[in-house]
Amino acid sequence: MGFSSWPSVLLGFSILVCCCFAFGSSSINDFRGAFPIVEPDSGHTKLRLAREGLEAIERITDPIAAVAVIGPYRSGKSFLLNQLLSLSCDEGFGVGHMRDTKTKGIWVWGTPLELVIDGVKTSVLYLDTEGFESIGKSNVYDDRIFALATVLSSVLVYNLPETIREADISRLSFAVELAEEFYGRVKGQDVAFEPAKLVWLIQRDFLQGKSVQEMVTDALQRVPNYDGDKNIEQVNQIRESLAIMGDNSTAFSLPQPHLQRTKLCDMKDEDLDPIYVKRREQLKGLVASIIRPKIVQGKSLNGKEFVSFLEQILEALNKGEIPSTGSLVEVLNKAILERCLKLYNERMDGLVLPLSEPMLQQAHEESREAAMKVFDAQHFGRHHAKQSISQLDERILKVYNNFLLANEYQSSKLCEELYSRCEDKMDQLQVLKLPSMAKFNAGFLKCNHSFEEVCVGPAKASYELRMMKMLGKSRALFIKEYNQRLFNWLVVFSLVMVVVGRFIVKFILLEVSAWMLFIFLETYTRMFWSSEALYYNPTWHFIVATWENIVYSPLLDLDRWAIPVGVMLLILLLYWRFYGRRKHGSRSVLPLYNGHRSSMNRWRSD
Ligand SMILES: Nc1nc2c(ncn2[C@@H]2O[C@H](COP(=O)(O)OP(=O)(O)OP(=O)(O)O)[C@@H](O)[C@H]2O)c(=O)[nH]1
Ligand SMILES: [Mg+2]
């Protein structure tokens, strides 16, 4: 291949890429068509979402109401929907003329009918469903389709050829259970969702003297069950519930559109039985008069909300082996449960840890109550909600346990910090330059007080014990050292006073008293008793009291100010020694050393 052919290859390649992208994003441009919203999985057991139909629904911004037609397979559901939507078989839902089932899963007509219901513009969706009782499918699959249509629709048209059979009634058990689970709450509060209104559509030409309503009423009468057969009892219960829901269901009959059933799709209104056309129009009117927007948790749903509601329901129905109201309630409550848990978390997060255990417990109870209250007001279902409540309780407890652990950690951290601060303080007090019992006691009390006040939570008890031990030990050690250090300080003090009395102030009394103190201290302990004995002497107590008063008072802490005070005293003393004396001559009130001075004078005069 020559170089000249490269540009054309590249052009071809880019066209191919563009085409791939165009086909890859399969966005629908024309919504006038039928699209699947839910389709069977490969095994024809469970259902999965189909994007096309959901896309058609998602773009709707008005409140949505849905009409779903259910019934046995090949009973004319798709044809009926086309008739209600005034569509030919070619444009509308696929109508099958073969023996096997035509519609798979659930389909929607992409262009909703716009109706003004109670002054609100509403988009009415028409849903076609896969017929039940066809070969090659499990009953559970049929039940899933049936349950999904029941939950999604506002009007459920039960299309029945000929008459109502026992199986048709027992199939409604899910709808009945749903209604019992949700209906009661809708009336009083803005919660849950309103169950669908049921239209029994009986397609037959003549009703042998009975009106269709009488036929439905008869079918809903309890049948005698003398042998106590379980199945009969179950169907009887459904009958009873359906009878109670009387206002919620309507009976309607439709005659055959034409005898040539395989040619129906080629016929126009003029070709169909005029009575059929008339009744069909009446049915349209009936549906329009009873339909209401789908209400979930007190709110109507727009397209996006409707799709997310559908996703939730499908998840619930696919969850268990058998679609059950319990799992439906559980899934619907999931979002509310998360919201309530978040509320609990937010309230608990506002706490400043550590807290005392009773306070944390109280906060937990209050937050739990608030979360439960919200859940109680918003949750779906009545009987099966208990499971969700216990689930919420369980999850709250789990979160609370985490808070308990966090509180324990924070409490230990805080108490440990206070403990080591106190330990440091006690160590500092042990090595005071000028030992003071009052200062030690003040520090001791302050430490104890701040610990008692600030350390809270579960770690307090153990740290309190450790603290008491540490403080006790520290105090014992301090007292032991105290007397010995005071004694040494007094010996030093007496010697300093001797020097001061002799050489600086030259005050004999001061020197004598200093000597006396020195001799007392040295001889008393060495000659007569042991040093410990001295500490019990009243003189010693007096000395201690005097020392304490000098060394530490709230106004002056000598341990801290000893050096500045000492320097100041020395300066004053030296000032007095050199200038004070010179000014006032030898006129001193103190008995001074005069001998030396007179001898000097004498030597000078000599
Ligand atoms: N006799 C009679 N035949 C009908 C009626 N409605 C539809 N049919 C015919 O019954 C056949 C099946 O019609 P569909 O509308 O596809 O029936 P369906 O219930 O949707 O079938 P599935 O989707 O397979 O469950 C077609 O040949 C229709 O022409 C009716 O009211 N009476
Ligand atoms: Mg069909």
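User: How many residues surround ligand 1?

Analyst: The structure is a predicted model. The closest residues to ligand 1 are G76, S78, F79, T103 and G131. By type, the shell divides into 5 nonpolar, 11 polar and 4 charged residues. The number of residues that surround ligand 1 is 20.

User: Which helix gives the most to the shell around ligand 1?

Analyst: The closest residues to the ligand include S78 and F79. Residues 77-84 form one helix, and its contribution to the shell is 3 residues. The helix that gives the most is helix 3.

User: Which helix provides the largest share of the largest nonpolar core?

Analyst: The largest nonpolar core has 80 residues, and V67, A68, L127, L148, A149 and L156 have the most contacts inside it. The largest share is 8 residues, from the helix that spans residues 139-152. That is helix 4.

User: Beyond four places in sequence, which residues is L127 in contact with?

Analyst: L127 is among the residues with the most contacts inside the largest core. With neighbours within four places in sequence left aside, its contacts are A66, V67, A68, I106, W107, V108, A149, L152 and S153.

User: Which strand pairs with strand 8 over 7 bridges?

Analyst: Strand 8 covers residues 197-203, and 6 of its 7 residues are buried. Strand 9 (residues 249-254) runs parallel to strand 8 and is joined to it by 6 bridges, with L201 opposite F252. The pairing over 7 bridges is also parallel, and in it V155 has K197 as its bridge partner. The strand in question is strand 7.

Methods:
Residues numbered from 1 in each chain as written. Chains lettered and ligands numbered in written order. Predicted model: local features only at pLDDT ≥ 70, side-chain atom pairs only at ≥ 80, totals over all residues. Near = placed C-beta within 6 Å. Helix = DSSP H or I, 4+ residues; strand = E, 2+ residues; numbered from the N terminus. Nonpolar A, V, L, I, M, F, W, Y, C, P; charged D, E, K, R; others polar. Core = buried A, V, L, I, M, F, W, Y, C linked by C-beta atoms within 7 Å. Buried ≥ 20, exposed ≤ 12 C-beta atoms within 10 Å, placed from the backbone. Contact = placed C-beta atoms within 7 Å. Pairing = 2+ DSSP bridges.
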